[in-house]
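Colleague: Could you take a close look at one part of this model for me, and then tell me how it fits into the rest? I'd like the whole chain sketched quickly, then the detail.

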Amino acid sequence: MPEAHAEFDDLLREDRTISPPPEFRAQAHVRDERVYAEAERDPEGFWAAFASELEWSRRWDKVLDWQPPHAKWFVGGQINVSVNCLDRHVRGPRRNKAALIWEGEPGDRRTLTYFDLHRQVSKFANVLRSLGVKKGDRVALYLPLVPELAIAMLACARVGAIHSVVFGGFSADSLRDRINDSQCRLLVTADGGYRRGQIVGLKKVADEAVADTPSIEHVVVVQRVGEKIAANMQTGRDRWYHDLMKDAPFKSEPEPMDAEDMLYILYTSGTTGKPKGIVHTTGGYLVGVYATTKLVFDLKDDDVYWCTADIGWVTGHSYVVYGPLANGATVLMYEGAPDWPQKDRFWSLIEEYGVTIFYTAPTAIRAFMRWGTDWPATHDLSSLRLLGSVGEPINPEAWVWYYRYIGGERCPVVDTWWQTETGAIMITPLPGVTTLKPGSATKPFPGISAEIRNERGDRVEVGGGFLALTSPRSVEIARGLRSRGVLIDIRGTVLRLGPAPYLSEVQLNAAMDALAEVARSLQSG
């Protein structure tokens with residue numbers, strides 16, 4: 001394809017670079033940049049190797065069925081996500097290892113080992129089945145950041161139900177629209193949650209939403225705040241979580257799931273304001289988040305890993321629950337705000353629990369900068385060995401502040417780029433081999449192809465443009481969902497870089513068609 005001139009200015013020039021510390025590189029999972037060439041030479045073999053580290057009830061017949069612009073991964077394979085996040089660890093030395101360490105905003109604490117979490121998930125899977133939930137049914141989850149949210153997700157995965165998590169800060173209208181769009185049969189919510197010292201009445205919001213959701217048959221309510229707020233339970237519809245769990249059996253057989261079966265739906269508003277459901281399937285998604293969690297965060301068995309994202313966002317799905325637990329990690333979860341009761345809450349948690357890997361958003365980092373260096377300076381952050389950034393571009397000044405004052409100029413910073421549509425990290429450093437540049441996500445993850453292209457789909461070698469993900473791995477994770485007449489069919493992710501206006505629908509379709517053609521050309525060599 002001919003070289004094209006840039007149609008947008010690039011937005012950033014940065015010359016500072018930081019090499020991986022020798023001591024970090026020496027113990028990293030990836031210490032040799034040949035991993036990129038090896039993945040490019042045999043991408044199917046690269047992903048199949050990670051898939052082989054997981055537990056399948058039936059091994060796949062074919063790694064990739066690539067019919068551009070559509071891709072199916074691990075065709076014919078059967079796998080259950082909850083088995084890979086729980087059962088396979090419970091059968092080995094991680095049985096009594098901490099899986100979730102949780103702290104509520106008021107300071108209450110719980111620790112669940114892999115054995116504990118497996119039992120809780122199995123019990124709630126049996127609760128779901130007792131309420132009539134079966135494979136393929138949709139279940140809405142509207143909860144604060146409490147362990148029961150992860151338990152409910154994994155229980156859905158265990159029985160083959162498709163979960164739709166709705167962020168606990170969303171309105172009744174937002175919850176209602178998402179329930180109705182996917183026709184959820186059951187809602188799991190809580191009486192309330194804590195945010196900046198205040199109680200957020202989730203059950204009240206849920207009641208308002210469910211008044212106009214005819215598909216909902218049952219509402220299961222987690223008791224988080226107790227007598228501090230009235231739950232107003234409706235007889236015949238509403239059931240307390242703890243009552244249902246009390247007598248539920250501990251054993252629950254996992255449902256065999258085809259690699260292409262749906263795992264979850266997560267809604268994004270897009271440019272129209274109407275929620276659009278992004279679907280992620282079982283096998284390819286799990287392999288993607290498993291591999292990226294392991295290599296991007298250089299995850300080790302003795303790490304204490306903390307991603308500060310709410311599970312209501314895709315980052316929480318992929319890098320609080322599924323990716324870390326599939327790797328057998330110890331995951332810290334915190335319910336509340338970073339500035340409650342004061343602006344050192346995050347640094348206090350890192351010190352208290354010996355957090356080694358910290359993954360947060362540039363918005364939070366810029367808030368930390370405004371609050372000043374005295375807050376982190378009062379805490380021992382020496383347990384940290386790796387920092388991460390997610391959710392939006394990070395400016396070089398914030399990157400350097402993060403590296404200097406939180407990481408002590410010894411922790412690599414992995415600035416990750418990906419989207420709800422991709423489900424897993426696409427562009428990122430590998431901390432043991434990548435030379436870091438403040439403000440830059442550096443290069444695509446091994447096995448991912450990314451290029452800058454102009455509006456016509458021509459490659460841009462220097463300058464700004466549209467980011468195009470051109471490998472079938474990139475396409476596999478982003479699924480189409482027909483949602484009340486709206487079809488999201490991602491044939492190659494096209495995203496705006498630079499100050500130019502967004503493309504019109506006609507222009508966007510043309511660009512996507514061009515990228516589909518690029519994908520076909522990649523297949524043919």
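**The end of helix H10 and the loop after it**

Modeller: Let's start from the outside: the accessible surface of the chain comes to about 21,100 Å², and 49% of that belongs to carbon and sulfur atoms. Keep in mind that this is a predicted model. Mean pLDDT is 88, with 86% of the residues at 70 or more. Residues 1-11 fall below 50, and that stretch makes 38 contacts in the model beyond near neighbours in sequence. Residues 475-525 are below 50 too, with 108 such contacts. I'd leave both stretches out of any close reading.

As for the fold, we have 17 helices and 23 strands, and 60% of the 525 residues are buried. Take the contacts between residues at least 6 apart in sequence: 73% of them join residues at least 24 apart. Hold on to that figure, as the part I've picked shows the long-range side of it nicely.

Now the part itself. Lys294 sits in helix H10, which covers residues 283-296. A lysine there might make you ask about exposure, but Lys294 counts as buried because its relative accessible area is 19%, and the cut-off is under 20%. What does Lys294 pack against? Leaving aside residues up to four places away in sequence, Lys294 touches His29, Phe50, Glu53, Leu299 and Asn327. With Glu53 there is also a side-chain polar contact of 2.9 Å. Phe50 is 244 residues away along the chain, yet its C-alpha atom is 9.9 Å from that of Lys294.

Go past the helix and you meet Asp298, in the loop between H10 and strand S14 (304-307). Asp298 is buried, since its relative accessible area is 1%. Its backbone deserves a look as well: phi is positive, about 50°, although Asp298 is not a glycine. Most residues other than glycine have a negative phi.

The side chain of Asp298 has polar partners on two sides. One is the side chain of Lys300, at 2.6 Å; another is the side chain of Gln27, at 3.3 Å. Beyond residues up to four places away in sequence, Asp298 touches Phe24, Gln27, Ala28, His29, Thr293, Asp303, Arg385, Leu386 and Pro431. His29 is in that list and among the residues touched by Lys294 as well, which ties the helix residue and the loop residue to one shared neighbour.

Where does the nonpolar packing come in? The largest nonpolar core has 127 residues, and those with the most contacts inside it are Phe74, Leu117, Phe124, Leu187, Phe297, Tyr322 and Leu325. Look at Phe297: it is the residue before Asp298 in the numbering, and it belongs to that core. Helix H6 (residues 147-159) gives the core its largest share, 10 residues. Leu117 makes a good example of the packing: apart from residues up to four places away in sequence, it touches Leu86, Ala99, Leu100, Leu112, Ile151, Leu154 and Leu325. Another core, of 31 residues, lies apart from the big one and includes Tyr334, Val355, Leu387 and Val413.

Phe74 brings us back to the backbone theme. It lies in strand S2 (residues 70-75) and counts as buried because its relative accessibility is 0%. Like Asp298, Phe74 has a positive phi without being a glycine, in this case near 55°.

One more backbone oddity, further along: the peptide bond joining Trp340 and Pro341 is cis, with omega about 0°. Pro341 is in the loop between strand S15 (330-334) and H12. Helix H12 itself (residues 345-353) has Arg345, Phe346, Trp347, Leu349, Ile350 and Tyr353 as its buried residues. After H12 comes Gly354, with a positive phi near 65°.

If you were wondering about cysteines, the structure holds zero disulfides. Cys85 counts as buried because its relative accessibility is 0%, and Cys411 is buried at 0% too.

So, back to your close look: Lys294 at the helix with its 2.9 Å polar contact to Glu53, and Asp298 in the loop with polar contacts to Gln27 and Lys300.

How values were computed: This is a predicted model: local features need pLDDT of at least 70, side-chain atom pairs count only at pLDDT 80 or more; totals for chains, interfaces and linings use all residues. Side-chain values use heavy atoms; hydrogens and water are left out. Helices (H or I, at least four residues) and strands (E, at least two) are DSSP runs, numbered from the N terminus. Buried means under 20% relative accessible area, exposed over 50%, partly exposed in between (1.4 Å probe, protein chains only). Contact means heavy atoms within 4.5 Å. Accessible areas come from the Shrake-Rupley method with a 1.4 Å probe; for residues, only the protein chains shown count as cover. A nonpolar core is a set of buried Ala, Val, Leu, Ile, Met, Phe, Trp, Tyr and Cys residues joined through side-chain atoms within 4.5 Å. A disulfide is a pair of cysteine sulfur atoms within 2.5 Å. A polar contact is a pair of N or O atoms within 3.5 Å; within protein, one must be able to donate a hydrogen and the other to accept it, and residues adjacent in sequence count only if both atoms are side-chain atoms. pLDDT is the predictor's confidence in each residue, from 0 to 100.
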